[in-house]
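Work through the exercises below with the sequence and the model open side by side. Try each task before reading its solution.

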Amino acid sequence: MTVNMRNYHIDEKNKILNIDLQCESGKEHKAGKIRFSLVFEGSCGKRYFPVSAQYQQEIDDCRRYMASVRIELPYIFFEHFPLPEEKVTVSAVFCNEDMLWINMAPMIELPGELFQPQERRRSAIREISDRILYIFCTILLPVWILDGVLAQKGLHRLHRAADGRQGKQAVFYHAHGLVKDWTGYGYSIREYKTNYFKKCYERACRNEPGTKGILFLSERRVDAGGNLDRIRQEVQKKGYVSREFLTETPIHKLSRKEIRRCAGLVAAAKLIILEDFVPQLHSLSLRRDTQLLQMWHACGAFKLFGLSELGIVDHLNQSTRNHRSYTAALASSDGVVPFYSEAFGVDDHIIKPIGVPRTDIFFDQKYVSQVRQRLFQKYPACQNKKIVLFAPTFRGSGNKTAYYPWEKFPAADIMDQLPQDTVMILKNHPFVKKTYEIPLEYQERIFDLSAEENINDLLFIASVLITDYSSVIFEASLLNLPIVFYTFDLQEYLDSRDIYFDFASFAPGKIVGDRQTLEKEIMEILQGEGEETKERSISREQFCRFFLGSLDGKSTERTMELVKQLLTTD
């Protein structure tokens with residue numbers, strides 16, 4: 001594959017780069033689009049900008065893809081800018097089907113002055129006029145709500161602020177988006193409480209003379225054995241001063257008292273440790289001596305996340321502060337560093353490919369043996385059986401709309417086609433609330449353990465994993481577990497949620513699109529006849545080396561060394 005620039009134009013007044021790019025690949029590349037990154041490099045480091053090129057035509061022995069990208073240059077380097085007089089190079093980089101990173105020669109050089117932040121403060125007169133307009137718009141709120149109702153009925157498009165929302169909530173966010181575009185003010189409770197959190201933090205910084213100790217911060221459930229839990233235990237063993245603010249309640253549902261407490265803890269911490277996205281944290285300008293460690297919960301890089309979704313997710317703007325505050329972030333291998341750098345909007349050196357602490361259990365044979373023994377004692381019907389583990393991801397736009405189309409996976413009918421010494425375990429994504437109704441006569445052969453067991457523990461007793469687009473494939477690959485990808489809606493899913501690679505060449509297992517082929521593939525694997533598909537360009541060994549190369553059972557140990565280093569960083 002090659003990437004070439006066709007032409008570019010710079011809007012110097014608004015500091016915007018418009019660039020047209022052309023990609024060419026071999027005819028064997030059948031995907032409708034190709035992903036790569038533009039790399040901006042200066043004295044302040046490197047930043048990656050995601051690009052998706054669409055297929056245009058087939059010429060001679062190659063397929064041609066085109067992309068036109070609009071880039072707001074002051075947001076590329078966030079708070080670390082190149083010198084105005086220096087040159088910033090722009091080049092392209094991509095990962096090919098052999099899992100090798102290819103760096104193209106620089107295309108253009110841009111003056112560092114174009115990357116300097118623009119002054120966007122509103123004048124006092126403008127602010128007063130916006131507030132008056134906001135009051136007027138609020139009086140007319142029923143009109144904007146009616147407009148949202150009409151948009152829902154298809155008369156025109158809902159505002160982008162309503163993306164992923166349904167019913168009354170979509171109508172409300174449509175009105176909120178309209179008014180905010182006009183006035184700069186809206187009705188979002190999340191935004192109001194995030195601003196309150198910011199003010200509380202700034203007040204706490206003035207009252208708190210310095211920082212010390214560690215703060216564990218999360219707004220999702222902390223799983224036993226997860227990254228945060230393992231490092232918290234090690235921190236306690238070593239006697240470090242630590243505090244925590246762990247809740248499953250998002251900020252817009254927290255009380256003002258809880259928000260004040262959280263802001264105070266953040267202001268006082270020398271090192272803040274996360275394992276997932278905490279959005280309100282990125283509204284802050286953190287103290288210079290505060291370190292922020294992101295122990296991202298996932299291994300590898302599969303579905304796009306963070307800033308990699310720029311240009312795909314409508315409400316994600318180039319000006320977003322999300323993720324860019326990290327001073328260190330963990331990754332599972334050297335190979336995925338550019339993906340994480342792009343997703344977090346940070347320089348490569350921020351990404352630390354030292355492993356993922358929660359995966360250490362996969363190298364602990366004593367732990368594996370204890371888990372297997374516990375599970376077989378708790379579920380004796382699984383002992384001495386071949387176990388099919390079905391662990392799909394969800395469909396829908398998020399937590400509130402998540403579902404799985406169980407009519408596509410009638411577990412009882414599938415079990416009818418498998419040997420009697422086979423049992424099936426169902427493991428739903430945590431977002432999916434509607435479970436599969438197991439017929440009475442199959443309750444000794446089909447078990448829904450979604451709420452009872454950790455997915456990693458279930459992998460230790462599985463004979464084969466059936467999944468679709470779930471990142472559980474990385475943990476299964478550590479165990480060399482056979483994987484079948486049941487992707488009956490592949491194109492539809494990829495249209496709504498993109499991935500970093502061409503799925504067919506990337507998936508470490510057989511891809512099937514219908515139930516009959518699925519049953520046949522499961523049967524072959526259970527009978528020891530299944531083999532790795534020849535359609536893929538990489539082996540399972542290459543897959544593990546590229547995505548999981550830093551996982552060796554010592555990730556927790558290396559992370560604690562990093563924690564010690566961050567605590568002593570000025």
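The exercises that follow concern a predicted model.

**Exercise 1. The nonpolar cores**

Find the residues of the largest nonpolar core that touch the most other members, then list the contacts of V266 beyond its neighbours within four places in sequence.

Solution.
- Step 1. Start with the core itself. The largest nonpolar core has 91 residues.
- Step 2. Pick out its best-connected members. L217, V266, Y340, F344 and F547 touch the most other members.
- Step 3. Select V266 and set aside its neighbours within four places in sequence. V266 then contacts F197, Y201, L215, L217, I272, L281, L284 and L286.
- Step 4. Look for a second core. Another one, of 32 residues, lies apart from the largest core, and I19, A53, A67 and L307 are among its members.
- Step 5. Set this against the general pattern. In soluble globular proteins, nonpolar side chains tend to be buried together.

**Exercise 2. The surroundings of Q318**

Place Q318 in the chain, decide whether it is buried or exposed, and trace its polar contacts.

Solution.
- Step 1. Locate the residue. Q318 sits in the loop that joins β12 (291-294) to β13 (328-330).
- Step 2. Check its accessibility. The relative value for Q318 is 13%. Buried means under 20%, so Q318 is buried.
- Step 3. Follow the side chain to R70. The side chain of Q318 comes to 2.8 Å from the backbone oxygen of R70.
- Step 4. Move on to E72. Its backbone nitrogen is 2.7 Å from a polar side-chain atom of Q318.
- Step 5. Complete the environment. Without the neighbours within four places in sequence, the contacts of Q318 are F49, R70, I71, E72, Y75, L310 and R324.

**Exercise 3. Aromatic pairs**

Classify the ring pairs Y469 with Y493 and F474 with F543, and say where each partner lies.

Solution.
- Step 1. Choose the two quantities. A pair of aromatic rings is described by the distance of the centres and the angle of the planes.
- Step 2. Count the candidates. The whole structure holds 42 aromatic pairs.
- Step 3. Take Y469 and Y493. Their ring centres are 3.9 Å apart and their planes meet at 10°, so this pair is stacked.
- Step 4. Place these two residues. Y469 is in the loop between β18 (464-467) and α11 (472-478), while Y493 is in helix α12 (residues 490-496). The two are 24 residues apart. Both Y469 and Y493 are buried.
- Step 5. Take F474 and F543. The centres lie 5.6 Å apart with the planes at 15°, so this pair is stacked too.
- Step 6. Place F474 and F543. F474 belongs to helix α11 and F543 to helix α15 (residues 540-548), so the pair ties together parts 69 residues apart in sequence.
- Step 7. Check burial. F474 has a relative accessible area of 0% and is buried. F543, at 0%, is buried as well.

**Exercise 4. Charges over rings**

Which ring does the charged end of R63 sit over, and which face does R256 lie over?

Solution.
- Step 1. Go to R63. Its charged end sits over the ring of Y55, 3.9 Å from the ring centre.
- Step 2. Go to R256. This residue lies over the face of Y196, at 4.1 Å from the ring centre.

**Exercise 5. Strand β3 and its partners**

Determine how far strand β3 (residues 33-42) is enclosed, and name the strands with which β3 pairs.

Solution.
- Step 1. Count buried residues. In β3, 7 of the 10 residues are buried, so the strand is largely enclosed by the rest of the structure.
- Step 2. Pair β3 with strand β4 (residues 45-59). The sense is antiparallel, over 10 bridges. R35 stands opposite S52 in β4.
- Step 3. Read the connection. β3 and β4 form a hairpin, with 2 residues between them.
- Step 4. Pair β3 with strand β6 (residues 87-95). The sense is antiparallel, over 5 bridges. Here V39 has S91 in β6 as its bridge partner.

**Exercise 6. Positive phi and a covered helix**

Give the phi values of F78, H323 and G345, and state the setting of each.

Solution.
- Step 1. Begin with F78. It is not a glycine, yet its phi is positive, about 55°. F78 lies in the loop between β5 (62-72) and β6. F78 is buried, at 13% relative accessible area.
- Step 2. Turn to H323. It is not a glycine either, and its phi is about 70°. H323 lies in the loop between β12 and β13. With a relative accessible area of 4%, H323 is buried.
- Step 3. Finish at helix α7 (residues 337-344). This helix is mostly covered, with 8 of its 8 residues buried. Just after α7, G345 has a positive phi of about 65°.

Conventions. Residues numbered from 1 in each chain as written. Predicted model: local features only at pLDDT ≥ 70, side-chain atom pairs only at ≥ 80, totals over all residues. Heavy atoms only, no water. Core = buried A, V, L, I, M, F, W, Y, C linked by side-chain atoms within 4.5 Å. Buried < 20%, exposed > 50% of the residue type's maximum accessible area, 1.4 Å probe, protein only. Contact = heavy atoms within 4.5 Å. Helix = DSSP H or I, 4+ residues; strand = E, 2+ residues; numbered from the N terminus. Polar contact = N/O pair within 3.5 Å; in protein donor to acceptor, adjacent residues only side chain to side chain. Phe/Tyr/Trp six-rings, centres within 6.5 Å; stacked < 30°, edge-to-face > 60°. Lys NZ or Arg CZ within 6 Å of the ring centre and 35° of its normal. Pairing = 2+ DSSP bridges.
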